[in-house]
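Visitor: I'm in my first year and still learning to look at proteins up close. Could you pick one part and walk me through it slowly?

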Amino acid sequence: MQTNILSICYLIGSVSFIVGLKMLSNPATARRGNLVSAAGMGIAIFGTLFLYQPAGTGFHNYEWIVGAMIIGTVIGSISARKVKMTAMPEMVSIFNGMGGLCAALISIVEFGRIAQDHSDMHVLSILAGMIIGSVSFAGSMIAYGKLSGKIKDHAFAGQHIFNLVVLLVILVMGAFIILGNSDVPIFIFCCILALSLCYGILFVLPIGGADMPVVISLLNSFTGIATACAGFLYNNQVMLTGGILVGSAGAILTILMCKAMNRSLKNVLIGSFGGTKDTSGPAAGKDGAFKEISLNDAAMVMKYAHKVMIVPGYGLAVAQAQHTCHELEKSLRKNGVDVKYAIHPVAGRMPGHMNVLLAEADVSYDDLLELDPANEEFGSTDVVLILGANDVVNPAAENDPSSPIYGMPILEVGKAKMVIVNKRSMRPGYAGIENQLFFQPNSSMLFGDAKDVLQQLISQIREL
């Protein structure tokens, strides 16, 4: 009877994951989708605790299990509530890394027990979960350090070849364990674990900052695959379903991110896009001249415009100006201005960063235009206001074959009648290259913190 009820709990959990993931695809239902998935996970956890009976005896040491759950819940809740939106990518990396670590620990714990019968499929699941989980954990920790600015890009001559050699050694050792007829050597298993952690570090360390959205998606996929391996190991349907969903969603998102940057996954993994901070580009060497616009002039042209497009970027997130930006939008609409937002797929530091940021400020999802629809609108736009975006509006992606971002689809803001760029300074963006847009005739710079500038624009518009 208990086994049947537990199967129903796992079925409910699996279905809730699928339904919740579907709801997450729409901002209007995303919050409920998150709650639905969390409820399904809760049912699966409590069903396992009270209904699962390994070897007919059930679990022991409930005080340790419950204590660990309480501590983890408190830490996770407090961290998630206090984290700033600008630090959300770092938190995603940490949480993702913890998932990979859990999958790796499961494989390590189960290795001694299952290695005795030497079932090839079980040993394969253990090795796959341990290798992929370790790579995901180590890589996610490096990604966290790079996103938070604590770790810089590092590479050495021949590193790509060295990485491939390490990976090959891991696979050869794994094949030896699976195909060996004798007892599995613990030493070799430990070597695989150590090499997997090293590979995760070396795998992410040389990847440039502009490719970090792709890396986060890829590592997320790795964690899902490692979890699916653990689900196969335990014949646990809910772990298997959750792992497959996370793994496949991460893989699809990785492909979409690569497409958004016109990059192949191979180039992301072996390249150094965004890793070289070279500010001497064609735009800088051309004439180096840019013009500024005053707050009063900017407010005037925006108030009397027919259509204004706002392009949010990481600078908006840093200034925590999403609510103020929404206030500006409402002020312009009161004056009869048509206001839309143009969102690049890789704007910010992780996929969907800008969408989440604006949703937090209750910006209507209908006003958010993706890349292609936005590019169709720029030709009929009077004013484009860029708030901290850089690489995603850089014309070098279209007209400079020597640029590292050449070929990346961008927001073609230059088609508008006037472009106002809000930045703190003329420093290059995350990819470390100069932006030709700043020097175009229809572009003007409006320096300052995004939140302060937007507040002053709102005041000026109301006074005009």
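Visitor: In which helix does Ile45 lie? I'd like a close look at that spot, and then anything else worth a stop.

Guide: Happy to! Keep in mind that this is a predicted model. Ile45 lies in helix α2, which covers residues 30-51. How covered up is Ile45? With a relative accessible area of 33%, Ile45 counts as partly exposed, because that value falls between the 20% and 50% cut-offs. Ile45 also has company: together with Met41, Phe46, Phe50 and Met69, Ile45 forms a nonpolar patch on the surface. Add up the accessible area of those residues and you get about 460 Å². Helix α2 gives the most to this patch, with four residues.

Now let's go from the surface to a cavity. The structure holds one cavity of 30 Å³ or more, and the volume of the largest cavity is about 30 Å³. Three helices each give two or more residues to its lining: α4 (88-114), α5 (120-147) and α8 (212-234). Of these, α4 gives the most, with three residues. If you want to find the lining on screen, click on Val92, Ser93, Asn96, Ser140, Ala143, Ile216 and Leu219. Sort them by type and you get four nonpolar, three polar and no charged residues.

Charged side chains do turn up in the salt bridges, and a search of the whole structure finds eight of those. Try Glu327 and Lys330, whose closest N and O atoms are 3.0 Å apart. Both sit in helix α14 (residues 322-334), three residues apart, which is about one turn of the helix. Glu327 is partly exposed, at 32% relative accessible area, and Lys330 is partly exposed too, at 35%.

Another pair is Glu412 and Lys415, whose side chains meet in a salt bridge at 2.5 Å, N to O. Glu412 has a relative accessible area of 21% and is partly exposed, while Lys415 is partly exposed with 47%.

Next, look at Arg424 and Asp449, a salt bridge with its closest N and O atoms 2.8 Å apart. Arg424 lies in the loop between β5 (418-423) and β6 (443-447), and Asp449 in the loop between β6 and α18 (450-463), so this pair ties together parts that are 25 residues apart in sequence. Arg424 counts as exposed, at 56% relative accessibility.

One last stop: Glu329, Arg333, Lys340 and Asp367 are linked in a network of salt bridges.

Definitions and conventions
Residues are numbered from 1 along each chain as its sequence is written. This is a predicted model: local features need pLDDT of at least 70, side-chain atom pairs count only at pLDDT 80 or more; totals for chains, interfaces and linings use all residues. Side-chain values use heavy atoms; hydrogens and water are left out. On a 1 Å grid over the protein atoms alone, a cavity is a set of points where a 1.4 Å probe fits but cannot get out, and a pocket is an open set with protein on both sides within 12 Å along at least five of seven lines; lining residues have an atom within 4 Å of a point. Grid points are joined across faces, edges and corners, and a volume is the space filled by probe spheres set on the points. Ala, Val, Leu, Ile, Met, Phe, Trp, Tyr, Cys and Pro count as nonpolar, Asp, Glu, Lys and Arg as charged, and the others, Gly among them, as polar. Patches are made of residues with over 30% relative accessible area and no salt bridge: like charges are joined within 9 Å, nonpolar side chains (Val, Leu, Ile, Met, Phe, Trp, Tyr) within 5 Å. Accessible areas come from the Shrake-Rupley method with a 1.4 Å probe; for residues, only the protein chains shown count as cover. A salt bridge is a side-chain nitrogen of Lys or Arg within 4 Å of a carboxyl oxygen of Asp or Glu. Buried means under 20% relative accessible area, exposed over 50%, partly exposed in between (1.4 Å probe, protein chains only).
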